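Me: I would like a close look at one part of this protein, please. Take the hairpin and the aromatic rings around it, then set that part in the rest of the chain.

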Amino acid sequence: MATLTKVVQASKTVNNVTKLFTNLSLSPSVSPISSPVYVRRVPTFQCALLHTTLKQNNLMEFFDDPKNWGKDKIKVGRSWQKDELRLKSNEDLHKLWFVLLKERNMLLTMEEAYKQEWKYFPNPERLDKVEDSMLNLESVVRERNKAYHMLETGTTGERPAELRYNPLGIRSCYRMRQYRIPRFMNSKWHKTHKFSYGGSAVHKFLRLYREKLWNIKRRARNRQNNQVAVLMRIFPNLDLEAVKEKYPDADIEKLQRNRKSDGHFVRE
């Protein structure tokens with residue numbers, strides 16, 4: 001009988017507790033916003049925390065894919081054009097710059113490795129394509145910077161520059177910058193920047209230098225004239241407009257009267 005009494009009392013206690021929680025959750029007078037109830041959740045099992053880290057690359061990133069080792073030719077694409085780069089955002093250009101930089105470092109490493117092994121470096125034009133892409137990317141970024149500064153300040157935003165003569169009498173581009181001390185007090189700047197020349201030795205050097213440049217230009221012009229003469233001798237119906245576009249320094253009218261351009265055919 002005593003046991004039955006204890007069981008009845010325990011059941012009544014459980015019912016009272018159930019009603020209390022029901023009133024707390026369903027009572028309209030209690031606002032969950034004004035008096036929130038925080039319940040601490042205790043996990044019933046233990047687990048390790050998951051976390052991610054940056055990918056750690058080793059020195060093999062400086063080398064090409066192993067499947068390309070030993071091949072004589074590797075299929076590659078063309079370089080990035082300016083029109084394509086103008087369509088990308090600044091964030092994409094920033095990412096693409098590091099991709100190209102990584103590719104250039106890899107190609108330079110592989111080129112040196114092939115040289116040490118006395119082997120042929122496959123597709124050496126890959127390095128030129130990467131460098132062309134990087135130059136085009138720099139040009140696009142410079143265009144955007146100029147447009148932004150012109151819109152905000154009315155200037156290009158680049159460092160001012162001008163052509164000045166060095167001690168050898170050759171004109172070079174000098175980019176100006178600001179210094180903390182005045183120009184007449186900056187003795188270090190005067191030691192490294194000299195924009196005047198004189199003396200018989202310098203004038204002789206300039207004369208020989210100009211003669212060298214003229215000979216280079218003359219040889220290039222003669223080379224183009226000879227190539228055009230051979231084309232005119234082989235192909236009588238040659239498109240002169242296309243030839244003039246490809247060989248701008250060649251004298252087409254003079255070559256037409258030259259006997260080197262005459263082939264084994266009769267002109268109409």
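Reply: What follows starts with the hairpin and its rings, then moves outward to the rest of the chain.

This is a predicted model. The protein chain holds 8 helices and 2 strands. From the N terminus, the order of elements is α-α-α-α-β-β-α-α-α-α.

Start with the two strands. Strand β1 covers residues 161–165, and strand β2 covers residues 171–175. They pair in the antiparallel sense, over 5 bridges. Together β1 and β2 make a hairpin, with 5 residues between them. The turn contains Gly169, which has a positive phi of about 85 degrees. Within the pairing, Arg164 stands opposite Ser172 in β2.

Arg164 leads to the rings. Its charged end sits over the ring of Phe195, 4.6 Å from the ring centre. Phe195 also pairs with Trp189. The centres of these two rings are 6.0 Å apart. Their planes lie at 50 degrees, and the pair is tilted. Tyr174 joins the group: ring pairs link Tyr174, Trp189 and Phe195 into a cluster.

Are Trp189 and Phe195 buried or exposed? Trp189 has a relative accessible area of 8%, so it counts as buried. Phe195 has 28% relative accessibility, so it counts as partly exposed.

The structure holds 5 aromatic pairs. One of them joins Tyr114 and Phe121. Their ring centres are 5.6 Å apart. Their planes meet at 65 degrees, so this pair is edge-to-face. Tyr114 and Phe121 are both buried.

Phe121 also touches the helical part of the chain. Leu107 is in contact with Phe121, Arg126, Leu127 and Val130, leaving aside neighbours within four places in sequence. Leu107 belongs to the largest nonpolar core, which has 14 residues. Leu107 is among the residues with the most contacts inside this core, along with Leu85, Leu100 and Leu137. Helices α3 (90–116) and α4 (125–152) are the elements that give two or more residues to this core. The largest share, 7 residues, comes from α3. Another core lies apart from this one. It has 8 residues, including Val228, Val243, Ala250 and Leu255.

Ala250 gives a link to helix α6. Gln224 is found in α6, which spans residues 200–234. Gln224 touches Tyr247, Pro248, Asp249 and Ala250, not counting residues up to four places away in sequence. Gln224 has a relative accessible area of 17%, so it is buried.

Now the loop between α3 and α4. Trp118 lies there, and so does Asn123. Trp118 has a positive phi of about 55 degrees, although it is not a glycine. Asn123 has a positive phi of about 50 degrees, and it is not a glycine either. Their burial is another matter. Trp118 is exposed, with a relative accessible area of 81%. Asn123 is buried, with a relative accessible area of 8%.

Asn123 is also touched from another loop. Asp72 lies in the loop between α1 and α2. Leaving aside its neighbours within four places in sequence, Asp72 is in contact with Tyr120, Pro122 and Asn123. The C-alpha atoms of Asp72 and Pro122 are separated by 5.3 Å. Along the chain, these two residues are 50 residues apart. Asp72 itself counts as exposed, at 66% relative accessibility.

Two figures cover the chain overall. Of its 268 residues, 16% count as buried. Among contacts with a separation of 6 or more, 57% are between residues 24 or more positions apart.

Last, confidence. The protein chain averages a pLDDT of 80, and 76% of the residues score at least 70. Confidence is highest in helix α2 (residues 82–85), at a mean of 94. It is lowest in helix α1 (residues 2–26), at a mean of 52. Over residues 20–38, pLDDT stays under 50. That stretch has 2 contacts beyond four places in sequence in the model. Residues 47–51 also have a pLDDT below 50. That stretch has 0 contacts beyond near neighbours in sequence. Where pLDDT is low, the predicted coordinates should not be read in detail.

Methods. Residues numbered from 1 in each chain as written. Predicted model: local features only at pLDDT ≥ 70, side-chain atom pairs only at ≥ 80, totals over all residues. Heavy atoms only, no water. Pairing = 2+ DSSP bridges. Helix = DSSP H or I, 4+ residues; strand = E, 2+ residues; numbered from the N terminus. pLDDT = per-residue confidence, 0-100. Contact = heavy atoms within 4.5 Å. Buried < 20%, exposed > 50% of the residue type's maximum accessible area, 1.4 Å probe, protein only. Core = buried A, V, L, I, M, F, W, Y, C linked by side-chain atoms within 4.5 Å. Phe/Tyr/Trp six-rings, centres within 6.5 Å; stacked < 30°, edge-to-face > 60°. Lys NZ or Arg CZ within 6 Å of the ring centre and 35° of its normal.
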